[in-house]
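Thank you all for coming; I would like to walk you slowly through one protein chain this morning, and I will try to define each term as it comes up. Please have a look at the sequence and the model before I start.

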Amino acid sequence: MSVLVAILGLALLILIHEMGHFFTARAVGMRPRKFYIGFPPAAVKWTRNGIEYGIGVIPFGGYVKIPGMHRPAPSDLDVHFGPALYEEPRLLTDVERVKRLIATDSYDEAGTALGTLGQAIASAKLSPKARRAAERGLGDVGDALGDDAYWRQRTWKRIAAIAAGPATNLLFAIVLLATVYMLGIPTDASRRVQDVIPKSPAATAGLHSNDLIVGVSRQPAYDFTDIRDAIHNSGGKPIVISVIRNGRYVELPAVSPTKTDGVYTLGFHPAAIRYTHYSPPRAFALAGQDTWLVTKAMGSWIGHLANGSGRKDVSTPVGIVQQSSKAVQLGYREYLQVLAIISLSLALLNLLPLLPLDGGHMVFSIVEGIRGRAIQRSVYERVSAVGIALVLLLFFVGLSNDIGNIRGG
């Protein structure tokens with residue numbers, strides 16, 4: 001159940017990220033063609049008001065298809081209509097006409113010519129595979145030639161549609177952190193033991209109800225957080241609990257914590273924990289401060305990653321779900337905090353100036369706005385290849401870390 005809750009939490013963060021792109025693109029006049037949670041192939045899909053909605057079978061991810069992300073190129077027609085031309089050479093005249101008009105930047109005329117090509121394809125005798133490729137080409141090239149194509153929009157509209165995804169994750173992180181502050185932060189977490197679970201390691205060590213825990217493995221414990229963290233981070237190795245019992249200092253025999261749902265525990269419940277609740281204005285102010293601290297830490301981490309020292313801190317959705325599921329075991333406050341940090345991390349990582357990340361698209365939009373003309377498609381493709389390679393490298397590094405953490409318990 002904890003893993004399921006963690007997966008649903010990650011899916012929610014992806015959903016709100018894509019919703020940011022989706023609704024902002026619609027607001028500035030770029031009607032998205034698709035809205036997916038997960039990656040294709042589609043497990044479920046439906047069409048409403050000309051927009052295809054779906055849930056992909058690959059759960060980690062999602063995307064919004066904004067029309068015409070790149071300026072159309074004559075080579076696009078070779079890719080899409082090649083199989084159809086092989087089976088129906090008579091289509092060559094219409095295809096070449098569209099290519100010629102695109103090459104001369106006559107986009108409105110090219111759209112009209114594409115309509116004529118569509119009629120010719122509809123009446124042509126094509127195999128199912130060639131027809132699917134041609135119909136996909138008509139849709140993609142038609143989107144790129146449309147008035148609402150992304151590449152044809154003013155710079156501020158393009159930046160708004162792309163920046164909305166990370167911005168939504170950032171705002172969601174602040175709202176989650178503020179919610180935790182309003183729900184209450186433990187300020188006097190009790191070290192007093194309320195009860196001990198029978199036959200647990202705590203019972204074996206001789207821990208009693210009403211004992212005051214003052215140390216774990218001869219390290220002082222000032223609140224319940226110190227106690228909990230020491231037990232969770234023990235790795236299952238024997239630990240010594242020090243308590244005050246009836247006014248006397250007592251050191252209990254060493255005992256090994258047991259692992260339950262990925263979390264090491266001793267098997268006792270603390271006395272009631274007191275919480276401090278904050279007003280909404282103060283809660284949001286504190287959440288903003290926390291967000292800034294995490295942002296600075298993220299910048300420092302990226303610097304360490306560049307020189308190789310931050311490699312062990314890279315993670316993937318596998319590790320994210322693992323850590324989130326542990327937070328679920330600790331309580332909803334801890335889970336909301338972890339979810340907020342993940343949401344903030346998604347926002348910041350997506351702002352890196354790499355294609356195909358959001359930050360890369362924003363940088364290219366700014367450069368094109370300054371130049372007053374679009375960057376060549378080949379430049380986009382080369383830069384995207386480098387960005388994809390770096391993202392894949394980070395993914396495999398993170399996956400190796402996650403597998404190592406799972407194996408190491």
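Let me begin at a single residue, Asn210, which is exposed because its relative accessible area is 53%, where exposed stands for over 50% relative accessible area, buried for under 20%, and partly exposed for what falls in between, all with a 1.4 Å probe and protein chains only. Before going further I should say that this is a predicted model, in which local features need pLDDT of at least 70 and side-chain atom pairs count only at pLDDT 80 or more, while totals for chains, interfaces and linings use all residues. Residues are numbered from 1 along each chain as its sequence is written, and side-chain values use heavy atoms, with hydrogens and water left out.

Asn210 sits in the loop between H7 and S5, and here helices (H or I, at least four residues) and strands (E, at least two) are DSSP runs numbered from the N terminus. The phi of Asn210 is near 80 degrees, a positive value in a residue other than glycine. Lys199, in the loop between strand S4 (193–196) and H7, also has a positive phi, near 65 degrees, and counts as exposed because its relative accessible area is 84%. As background, most residues other than glycine have a negative phi, and most peptide bonds are trans. On that second point, the peptide bond from Leu355 to Pro356 is cis, with omega near 10 degrees, and Pro356 belongs to the loop between helix H11 (332–350) and H12.

Now to Asp211, in the loop between helix H7 (201–205) and strand S5 (212–216). Is Asp211 buried or exposed? Asp211 counts as buried, because its relative accessibility is 2%. A polar atom of its side chain lies 2.8 Å from the backbone nitrogen of His208. If we leave aside neighbours within four places in sequence, Asp211 is in contact, meaning heavy atoms within 4.5 Å, with residues including Arg191, Val193, Gly206 and Arg245.

With Arg245 there is also a salt bridge, at 2.8 Å from N to O, a term that requires a side-chain nitrogen of Lys or Arg within 4 Å of a carboxyl oxygen of Asp or Glu. Since Asp211 lies in the loop between H7 and S5 and Arg245 in strand S7 (residues 241–245), the pair ties together parts that are 34 residues apart in sequence. Arg245 counts as buried as well, at 17% relative accessibility.

By this rule the count comes to eleven salt bridges. One of them joins Asp148 to Arg33, with the closest N and O atoms 3.1 Å apart; Asp148 is in the loop between helix H5 (128–145) and helix H6 (155–183), Arg33 is in the loop between helix H1 (2–27) and strand S1 (34–48), and the two are 115 residues apart. Both of these residues are buried.

Another salt bridge pairs Glu368 with Arg158, the closest N and O atoms being 2.4 Å apart, and this pair links helix H12 to helix H6 across 210 residues. Glu368 is buried at 7% relative accessible area, and Arg158 at 4%.

Helix H12 itself covers residues 358–371, and its 14 residues should span 20 Å at 1.5 Å a residue, where the expected span is 1.5 Å times one less than the number of residues; the end C-alpha atoms are 20 Å apart, which agrees. Its buried residues include His361, Met362 and Phe364. After H12 comes Gly372, with a positive phi near 80 degrees.

Let me turn to the sheet that contains S5 and S7. Four strands form an open antiparallel sheet in the order S6-S5-S7-S8, with pairing taken to need at least two DSSP bridges between two strands. Strand S6 (219–220) and strand S8 (248–251) stand at the edges with a single partner strand each, so one side of each has no neighbour in the sheet. S5 and S6 are joined by two bridges, and Val216 has Gln219 in S6 as its bridge partner.

Finally, the overall view: the chain has 13 helices and twelve strands, and 41% of its 409 residues count as buried.

Notes. A polar contact is a pair of N or O atoms within 3.5 Å; within protein, one must be able to donate a hydrogen and the other to accept it, and residues adjacent in sequence count only if both atoms are side-chain atoms.
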